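Okay, thanks for coming, everyone. I'd like to walk you through one structure today, so have a look at the screen and stop me if I go too fast.

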Amino acid sequence: MSKFQKAIQDMKKKREKVANDLAMYLTREVKLRAPVKSGHLRRNSGAEAEHEESKSKVFVGANGVEYAPIVHEGSTVKNIKPQPYIRDSIEQNLGEIKKMISEGLKVDD
């Protein structure tokens, strides 16, 4: 394997680790901010990383909880105020998220 190919593989491993670390971090933050103390919404809220050859994605949300969008966005029809705990988990931690990405993808000299 050439140095260039090794560098590409190393960067891919770093990218995947950063995405996995971000998913764990955001899962913790979303669960802490869920507007309930326990139950179905909190258990099913979180984040997960998905990896492809050239990119990684982190998905944040509530899996399989039909009422999650109503809790998060609110409903004028049902007079429910929004509680954007998922969005807040991301927006209020942007500094830490950027730091994790920057430090995790540093190129070794």
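So, how many salt bridges does a search of the whole structure find? It turns up six. Before I go into some of those, keep in mind that what you're looking at is a predicted model. And a quick reminder on the chemistry: side chains of opposite charge can pair when their charged atoms come close.

Let's start with helix H1, which covers residues 3-33. Asp10 and Lys6 join their side chains in a salt bridge there, at 3.1 Å from N to O. Both of them sit in H1, four residues apart, so we're talking about one turn of the helix, roughly. Is Asp10 buried or exposed, then? Neither, really: Asp10 has a relative accessibility of 31%, so it counts as partly exposed. Lys6 is also in the partly exposed class, with a relative accessible area of 44%.

Now stay on H1 and go along to Lys12. Lys12 makes a salt bridge with Glu53, and the closest N and O atoms are 3.2 Å apart. Why is that pair worth pointing out? Because Lys12 lies in helix H1 while Glu53 is in the loop between strand E1 (45-51) and strand E2 (56-62), the pair ties together parts that are 41 residues apart in sequence. Glu53 itself is exposed, at 58% relative accessible area.

Right beside that in the sequence is Glu52. The side chain of Glu52 meets that of Lys57 in a salt bridge, this one at 3.9 Å, N to O. For accessibility, Lys57 comes in at 32%, which makes it partly exposed, and Glu52 at 36%, again partly exposed.

Okay, back to H1, but this time for its packing. Which way does it run against H5? The two helices pack at an angle of about 155°, and their axes are 9 Å apart. That angle makes H1 roughly antiparallel to H5. If you care about handedness, H1 passes H5 in a right-handed crossing.

While we're in that area, look at the surface. Met11, Ile101, Leu105 and Val107 form a nonpolar patch there, and together they offer about 310 Å² of accessible area. Where's Leu105 in all this? Leu105 lies in the segment after helix H5, the helix being 94-104. With a relative accessible area of 31%, Leu105 is partly exposed.

Next, a bit of backbone. Asn79 has a phi near 55°, so to speak a positive value in a residue other than glycine. You'll find Asn79 in the loop between helix H3 (68-73) and helix H4 (85-91). At 72% relative accessibility, Asn79 counts as exposed.

Last thing, a couple of distances, in case you want to orient yourselves. Glu50 is in strand E1, and at 36% relative accessibility it's partly exposed. How far is Glu50 from His72? They're 22 residues apart in sequence, and their C-alpha atoms are 23 Å apart in space.

Then there's Glu91, over in helix H4. Glu91 is partly exposed as well, with 48% relative accessibility. Between Glu91 and Val71 there are 18 Å, C-alpha to C-alpha, for a separation of 20 residues in sequence.

If you take one thing home, take the pair of Lys12 and Glu53, which links helix H1 to the loop between strands E1 and E2. Okay, that's me done, happy to go back to any of these on the screen.

Terms used
Residues are numbered from 1 along each chain as its sequence is written. This is a predicted model: local features need pLDDT of at least 70, side-chain atom pairs count only at pLDDT 80 or more; totals for chains, interfaces and linings use all residues. Side-chain values use heavy atoms; hydrogens and water are left out. Patches are made of residues with over 30% relative accessible area and no salt bridge: like charges are joined within 9 Å, nonpolar side chains (Val, Leu, Ile, Met, Phe, Trp, Tyr) within 5 Å. Accessible areas come from the Shrake-Rupley method with a 1.4 Å probe; for residues, only the protein chains shown count as cover. A salt bridge is a side-chain nitrogen of Lys or Arg within 4 Å of a carboxyl oxygen of Asp or Glu. Buried means under 20% relative accessible area, exposed over 50%, partly exposed in between (1.4 Å probe, protein chains only). Axes are lines fitted to C-alpha atoms, for helices over the stretch in contact, and angles run from 0 to 180 degrees between N-to-C directions. Angles under 35 degrees count as roughly parallel, over 145 as roughly antiparallel, 65 to 115 as roughly perpendicular and the rest as oblique. A crossing is left-handed if the near helix is turned anticlockwise from the far one by less than a right angle, and right-handed if clockwise.
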